[in-house]
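Colleague: Got a minute to go through this model with me? I'd like to know what stands behind the labels.

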Amino acid sequence: MDALHHTPPAFAALAACPALHAAVADDLHRQATYLSACLAAYQPRSQLLATLAQALRDPHGGLVCVEAPPGSGASTLLAALAVRQPVALWFAGAAPTAAPALYAQLVALHRPRLPLLDPTATTDPAAFEALLAELAASRSGHEPIALLIDELTPPGEPLRPGPPPLPSELPRGVTLLLSATPGAPLPYTPALQLRLPNDDPELTAAQHALLARLGCSAPWADRLVAASGGNFLYLRLGLAHLRAGGADHTALPAGLEGLLNSWWAGLTAPERRLAALLAAAGEPFPLALATELLGADPAPTLASWARLALIEYGPPGDRTVALTHRALAALIARAGATELGTAHADLATLASARADGVPGSQRAVTTNPAVRYLERQGARHAALAPRPVRDVVLTALTGPTPMRARQRRNDVAGALEAAAWELRVAVADGPPLRLVRAAALVGVLATRARSLGADMVGTALLGGLEQGSREATLRAVLGVVERLADGHAKAALLRHLGEICYGARMRSAAMRLLSRALDLEASPTSRAWRDTREGLLTVLAEHAIALGAVDTALAIAERIEHLERRAMIETQVVRQLLATGAHDQAQRVARGILHESMGAWARAEVAVELQRAGDPRGAMMLDELTLETVVAWAQIELACDDATHDEAAARRRIEALPTPGQRDRGLARLARVLATAGNDGAALAAAEAIGAVEVRVAALIDLRLGLEGLVAMLALERATNDIGALTGEDRAPLVSALAAALAALGRRDQALALAAGLPEGEERDRATARVAVALAQRGDHAQAHELIATLDDEDEQAWAYDEFASLLAAAGRWDEAAALLTRIEADDQRARTAADLAIARAQAGEAVPALAMALAIDSATERARALTLLAPALVTGGGEAEALAVGRHPEILTSAEQRGRYLASVAAALAEHGRTDVAGRLVAEIRRPADRARAGAALARALAQRSPELACAVLGATLRTAAVGREEIFRALELAAPALAALGGAELLGEVAAAIVDADHW
């Protein structure tokens, strides 16, 4: 028994990292208290303990689940294991937000050289996914990495607003020991599952030993064990009832639920109300609140319940009370649903009233336990209250005013918790705008709430520097710091790191860090931060344009601060208006563009369209333009318009351009237009008139694509004559292009002679490779093979074979194309070409053979790329079963990232192909936020027209999963834009843009 009083090895390892320990100290204290209580109640069950200890040592890893009804002793069993084994542990029922403490224990146990906490571990599964993958890859021998989580989904009402940030899957060599109530969802497929009490061979002996410890008489013990149904909590509660005279040992109710129902049935209305308040609480409940809400002193009732072992008081001076076990709260949730709803409503209403009535400055310094409780739990109570109260109070508690008050108090974590409860409700209740607003706010706050202690960061960097891994440690530390939100806190950390680097004689690194810190201090919001928001606004505006809602698009563009990005949208609006003939409005929008250069280009486009329409205002607008490049473009466009009916007028426009460079560009453009119109002679003449040799040669080669016969030959001969005058960096690419063009016309010897004029080495091989490909295009495969084999440059040879294979594939000669792969020496290039061939074959309608090609690729990365890109064609071509089967084989897709992307591709294809039922089931399996967002958005878009309510539900679940950070939720909303447009049209897009900007200005 002495071992049960020891500190868990994970806690001891964490104590050896003081700065890391301090970052999670509060959560560790709560779990240590709960752990002590579990150990005090533990009754040895050696065989179960040995089975679980053996499972933790399995080098393959996987999920080990202990499924047990509440009160069956699973928590005490796991607590006993936690003090014997080096496992990172999380008692989620006692500390619902302690995921970072679990992360910290993993670091302390397995990566103490870098004792650093990832600030995203609170919300983002990617933090655990990356850490576990790193630890699994670096573990020595067969030593497993073990985690222990108790009550991930505790019985009763939820304690946290969202899912825990667990990785999408467990890497090989990582074992998770999890306790769960029957029917609770499991995060992974179990490798081993124990079901209590049935799988406990020592159950009866352990129960009798426990009752003996508690001083229970033999007659009572026999009856309690018989009635308990294998439940240890029943023994304690039943014995307390017997001792308090509340039951006859010969007539004990059977089972824990029977015992608690018997207790509940005997309560008066006020007692039920008190019990409901304790069940609703979610944490130790202030006695002052109980007194206030009941209008009477609850002490006598609580004293009687304490004798029945139903409640326990907080430490002396704490003035709180709590139910002794979550099973009691679960029973009240079932038996007293009405009373529980009333309790949530009363507490939510009181929280709202207190929030309205106490100034923010006073709330910032209050030590009143009741007020602090209501601040922490108010949004949860509102979210779980009946709908009439929920709709009013939750909106009040998470509206702009209370959220700004939290901002002034720097209570970002509290604001995030409240917003997450609002998101939970919005997912269930809608409408789409409320959902988007809540998801955006949660994502933004998830990033804003991230924090890192300067001591922890500095200690990690200094430790790495002392060990000699200077650059690697600095990169790792900076990678973590960069996950913080932009602002003064991040700037201070960067300054601190810069000072450490300066002291360690890493002067260049120190200067970079200090410079970055100064930039953030001067402008707390970086350009990258702003670009993320404005990228989303741009997508929303583009969808509004696609709907023809140019006014909405312009309104969204007004919210974009960066003038060039805003001008891009305004220019698209101008083009949309011109395409629909709305010339007057296009002119007004173009004149209103503030970005000087892009505004000039937009006005030029309007001027050209007006000229084409015969509107005299076009010439007037052209006269107003001052940027020479813009004017030249407009004149060249008009010249090309003239070319089809008045070649002389077109040439006059070009000749009137003010600079030789503009005239050369105009003649090159004119030559292409004339060639397209079938005026070969005029096209050749225009190209020959170009003054700059490099532009003239490029234009003559380009004409080869649009001309045939003698004129094409003449163009290449003129280019051959002129190319000798070229020097510098322009020469080699043009020689390569000209040689390829000659080869394409059958002049192989002339092409090779031209290539031979280049310096020996890479440039000559590049030109020869292009000649070989041109010969292959003509069908001269033997000559192409011969030339490619002579190449010394491995990259150029690989490129030529890749192009050759693509030509064969385009002709449907797949076996010949695949045979070329063996000639590519570099493994990475061979795999890349094989993947390209598989993708091309699938897109050509041969998805099943393409799948076989993809599965044969050795490179895991290229195999995954090929499978992901060919999946839509496989689904469309009737290979749904094959596509789904691929995702079930970890040896095919070897990482969680690869599997997530592939499954998202399959799900999106199924949704677009009308298989929304199958797609929905697959989307539910995808756990990685980015991949879930991609697949869920596609499914919501597919459902939007025929089933808007279901589309909203899918979109809600998608955005809730993606709201792990600001960047992640904004990207998810970009993907969701088509679904939002289909659900609410341009009006919703405009409202969403406003909500995004409002949420991002926290």
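Modeller: Sure, starting with empty space: a cavity is a set of grid points where a 1.4 Å probe fits but cannot get out. Bear in mind that this is a predicted model. By that rule, the count of cavities of 30 Å³ or more comes to one.

Colleague: What volume does the largest cavity have, and which residues line it?

Modeller: Its volume is about 40 Å³. The lining of the largest cavity is made of L132, L147, L166, P167, L170, L176 and Y188.

Colleague: How do you know which classes the lining of the largest cavity falls into?

Modeller: Leu, Pro and Tyr count as nonpolar. The tally for the largest cavity is therefore seven nonpolar, no polar and no charged residues.

Colleague: And what makes the second largest pocket a pocket rather than a cavity?

Modeller: A pocket is an open set of points, whereas from a cavity the probe cannot get out. The second largest pocket holds about 950 Å³ of space. It has 32 lining residues, and S168, E169, L170, P890 and R899 are the closest to its centre. At least two lining residues come from each of β1 (62-67), α7 (125-138), α49 (896-912) and α50 (916-925). By class, the lining of this pocket splits into 15 nonpolar, nine polar and eight charged residues.

Colleague: Over to helices: why is α34 called roughly antiparallel to α35?

Modeller: Helix α34 (residues 647-655) packs against helix α35 (residues 660-676) at about 155 degrees, with the axes 9 Å apart. Angles over 145 degrees count as roughly antiparallel, so α34 and α35 get that label. On the α34 side the contact is made by A650, R651, I654 and E655, and on the α35 side by R663, G666, L667 and L670. Those contact residues divide into four nonpolar, one polar and three charged.

Colleague: Why is L441 called buried?

Modeller: The cut-off for buried is under 20% relative accessible area, and L441 has 16%, so L441 counts as buried. L441 belongs to helix α22 (residues 432-448). Setting aside neighbours within four places in sequence, L441 is in contact with M403, A419 and A999.

Colleague: What makes G468 exposed?

Modeller: Exposed means over 50%, and G468 has a relative accessible area of 51%, so G468 is exposed. G468 is in the loop between α23 (454-466) and α24 (470-481). From G468 to A16 is 452 residues in sequence and 21 Å in space, C-alpha to C-alpha.

Key: Residues numbered from 1 in each chain as written. Predicted model: local features only at pLDDT ≥ 70, side-chain atom pairs only at ≥ 80, totals over all residues. Heavy atoms only, no water. Axes fitted to C-alpha atoms, helices over the stretch in contact; angles between N-to-C directions. Helix = DSSP H or I, 4+ residues; strand = E, 2+ residues; numbered from the N terminus. Parallel < 35°, antiparallel > 145°, perpendicular 65-115°, else oblique. Contact = heavy atoms within 4.5 Å. Buried < 20%, exposed > 50% of the residue type's maximum accessible area, 1.4 Å probe, protein only. 1 Å grid on protein atoms, 1.4 Å probe; cavity = no way out; pocket = protein on both sides within 12 Å on 5 of 7 lines; lining within 4 Å. Points joined across faces, edges and corners; volume = space filled by probe spheres on them.
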